[in-house]
Amino acid sequence: MFIRRISPIENNEAVKSSQNPSDIFVTGSRKGFHIVIHNLMPNVVMAYMPMEVLNLLGIMPFLGQVFVPVIGLFGLPVEATTVLLTA
C-alpha cells in the first residue's frame, strides 16, 4: 500500500477552492518560499562556498594568473577566470 505524503500547502482545501486574490497570493508565496528554501538555496550555497574557500586560501588569484594567456586569447579580463572555472 502506497502512502502519499501531503504537505500543509496541498492539504489546505479552503485556500484551493477560494478565489480571493489575497488567498491566491498567500498560497503562491508559500509555494515560492518552499521552492527557494528547498531547491534554490542549496544550489547557491554549493556554488558559492567552494569559490569563497578558494578565494580565502589565495588559490583564485593564482589560478587567474595561470589562465591569463588563455583568457587573453578571447580578450577577457582576468576576473573572467572565476566564471569559467565555476561553469
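Colleague: Let's start with helix α4: are Phe62 and Gln65 buried or exposed?

Modeller: Here's the general idea: relative accessible area, found with a 1.4 Å probe and counting protein chains only, is buried under 20%, exposed over 50%, and partly exposed in between. In this case, Phe62 and Gln65 are exposed, on the other side of α4 from its buried residues. Keep in mind that this is a predicted model, where local features need pLDDT of at least 70 and side-chain atom pairs count only at pLDDT 80 or more, while totals for chains, interfaces and linings use all residues. Residues are numbered from 1 along each chain as its sequence is written, and side-chain values use heavy atoms, leaving out hydrogens and water.

Colleague: Which residues of α4 are buried, then?

Modeller: Met60, Leu63 and Gly64 are the buried ones in this helix, which covers residues 59-66. They line one face of α4, because they fall within an arc of 105° when you look down its axis. That arc is taken from the directions from the helix axis to the C-beta atoms.

Colleague: And what covers the buried residues of α4?

Modeller: You look for contact, meaning heavy atoms within 4.5 Å. Here the cover includes α3, α5 (68-73) and α6 (80-86).

Colleague: How many helices and strands are there in the protein?

Modeller: Both are DSSP runs numbered from the N terminus: helices are H or I with at least four residues, strands are E with at least two. This protein has 6 helices and 0 strands, so its pattern along the sequence reads α-α-α-α-α-α. Of its 87 residues, 11% are buried.

Colleague: Where in α3 does the kink lie?

Modeller: To find a bend at a residue, fit one axis to the seven residues ending there and another to the seven starting there, then take the angle between them. In α3 there's a kink of about 40° at leucine 40, shortly before proline 42. Further on, the helix is followed by glycine 58, which has a positive phi near 85°.

Colleague: Why does tyrosine 48 count as partly exposed?

Modeller: Tyrosine 48 is in helix α3. It counts as partly exposed because its relative accessibility is 47%.
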